[in-house]
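Reader: I should like to learn how the helices of a protein model are read. Where should one begin?

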Amino acid sequence: MRRIPAEARIDCVWILLSGLTVVAWGLAKVHGEHRLTPSGPETVAVLAIASVKSRLIIRQYMEVRTAPTCLRRATDAWLVVVMVTIAVMYAYA
Amino acid sequence: MTGATAALPARVSARDDQRSPKLDLWICWWVFPAFYTLFGLIFVVLTRVMPPPRPGVGVDQINSFFHAHGTTIKLGFALLMVFIGLASVTNGLVAFQMKRMSVKPIFTYAYIATLAVGAVPGALFAAFAFLAAVFRPDRDPHLVALLYDVGLLTFVGSLGCFTTNYLVLALAIALDKNKVFPMWMAYITFWQIATELLAAPVFVFQKGAFAWNGAISFYEGTVIFVVFLGCLIVLLRRAIQQQPMDELVQD
Amino acid sequence: MVSILETTPTEQPRWHLPGDINIWVFVLADLFSFAFYFVVFMVYRIEHGSVFLDSQRHLNLTTGALNTLVLLASSRFVALAVQTARTGDYRRATRLVSLGGLCGILFTLIKSYEWFREIADGFTLPRNEFFMFYFSITGVHLFHVLIGLLVLALILRELREPSLRRASMVEAGAIYWHMVDLVWIVIFALLYLAR
């Protein structure tokens, strides 16, 4: 049980978000210039990272964390629907 | 408020109170759903402009389209000519509510002007182009194809005037201290603008999501417009109900 | 993920609606629009897989990542600004919003440069299906960024005038800005990275 002042929390989230961005970028870079073939694992990883980042922004920055239940559900639903749909369509491709 | 109009006529007798007090406003309000239902009937069922036939087709297919729907096109657009004037009533009602807002009536003037000009490419151009196309069965097929392009490009691509129109409405609502419309309507109106912008590529593409029949340029744009229109009609009703009887409206 | 069980003086009590209902109507509507664009993009990707893969290679991953970092930084500044505005430190809040705005301008410049390079290399909007989506989606997003800059300017004005300074207005503007950031994160993943 820790109490984190709001500003430190914002900074932590920012570092996390930036770190994840670099990781995702690195993942794509590592597979080199020959990105001519589709890659299931890479896509899933990238979408998963984007999902985590998105939820962090929604919950922490947009303060949905402390918002009424219907808003929390609505934003979660948006994220789930969008990401799952994209992932499923990639699998279908 | 700058310069109120001449005072509205005072109530002459108690009997006047018992008649429907805002009859003039309600008549205008009913024109809204009536006109747009008719609009839908004309453009969807009769003339087949909504959803539009494909841009990426050859001259022969274009001609067979007009051949197949010639009669209903003539009927539909002839009807439009008679009823298009009703759009001015709907615009007038919105403009009147805008005059009740605390902002200067510049917004009202701009709203009316942009819609008046927008009606030409937004509906009439397509109507006349299609009517001309089906007028003479023996017309040169390439000319018919040209009229097809002119009609549909104007119908789907004519966003310039409407963008300003929505912007003016959104601004007026946002700045209004009298709260004639709720703030979220300003945002929804503005949201309309963002989606309308994506109709710009129709001049470039003959197929795909950004063609004049595309998933994004046409279908999404139309759905969002219908949502916007629904909100507008409901909010107008609320605004009329809440409007005080003896309110003085600025000139 | 850290969790907080007690509120600190700068935290809001539970079940506080940030901003107001109006901005959330807009944000949810706009998120719906973007979701639609993403799904349509995927439909076309399924149909034209090889064209999409081939074209995606020509996007500059580093520029995209850089832009993402810039926008994340701007969101941090704006989020901090909301917190400092709540504590009443309006001068600091003003500084933070300005920094957020500067990041937004930087994003615009980087994006413009990126587009310029791509167009110069011959990859334009009508080139193929992929670039049609790329320019349209990033274009609509850029439009949102520009409006966001306007919103931040309005917040600045709000913060500077002691007679204004409505908390909900500052929060609402911040929520819009975070939405712009959020959408970009998905765009970056979908257009640049995922294959």
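Author: Let us begin with the length of a helix. The expected span of a helix is 1.5 Å times one less than its number of residues. The model shown here is predicted. In chain B, helix H9 covers residues 215-242, 28 residues in total. From its first C-alpha to its last, H9(B) reaches 39 Å, close to the 40 Å expected.

Reader: Which residues in H9(B) are buried?

Author: A general idea helps first. An α-helix has 3.6 residues a turn, so residues three or four places apart point the same way. In H9(B), the buried residues are B:Ile216, B:Ser217, B:Phe218, B:Glu220, B:Gly221, B:Ile224, B:Leu232, B:Leu236 and B:Ala239.

Reader: What do the buried residues of H9(B) pack against?

Author: Within chain B, their partners are helices H2 (23-46), H4 (86-99), H6 (141-157) and H8 (183-197). They also pack against H1 of chain C.

Reader: How many helices and strands are there in chain B?

Author: Chain B has 9 helices and 0 strands. Of its 251 residues, 34% are buried.

Reader: How should one read the contact of chain C with chain B?

Author: The size of an interface is often given as the accessible area lost when the parts come together. Here one may count residues instead: 19 come from chain C and 19 from chain B. On the side of chain C that touches chain B, helix H1 (21-47) and helix H5 (129-160) each supply at least two residues. H1(C) gives the most, with 12 residues. That side of chain C comprises 14 nonpolar, 3 polar and 2 charged residues.

How values were computed: Residues are numbered from 1 along each chain as its sequence is written. Chains are lettered from A and ligands numbered from 1 in the order in which they are written. This is a predicted model: local features need pLDDT of at least 70, side-chain atom pairs count only at pLDDT 80 or more; totals for chains, interfaces and linings use all residues. Two residues are in contact if their C-beta atoms, placed from the backbone, lie within 7 Å. Helices (H or I, at least four residues) and strands (E, at least two) are DSSP runs, numbered from the N terminus. Ala, Val, Leu, Ile, Met, Phe, Trp, Tyr, Cys and Pro count as nonpolar, Asp, Glu, Lys and Arg as charged, and the others, Gly among them, as polar. A residue is buried if 20 or more other C-beta atoms lie within 10 Å of its own, exposed if 12 or fewer, and partly exposed in between; C-beta atoms are placed from the backbone.
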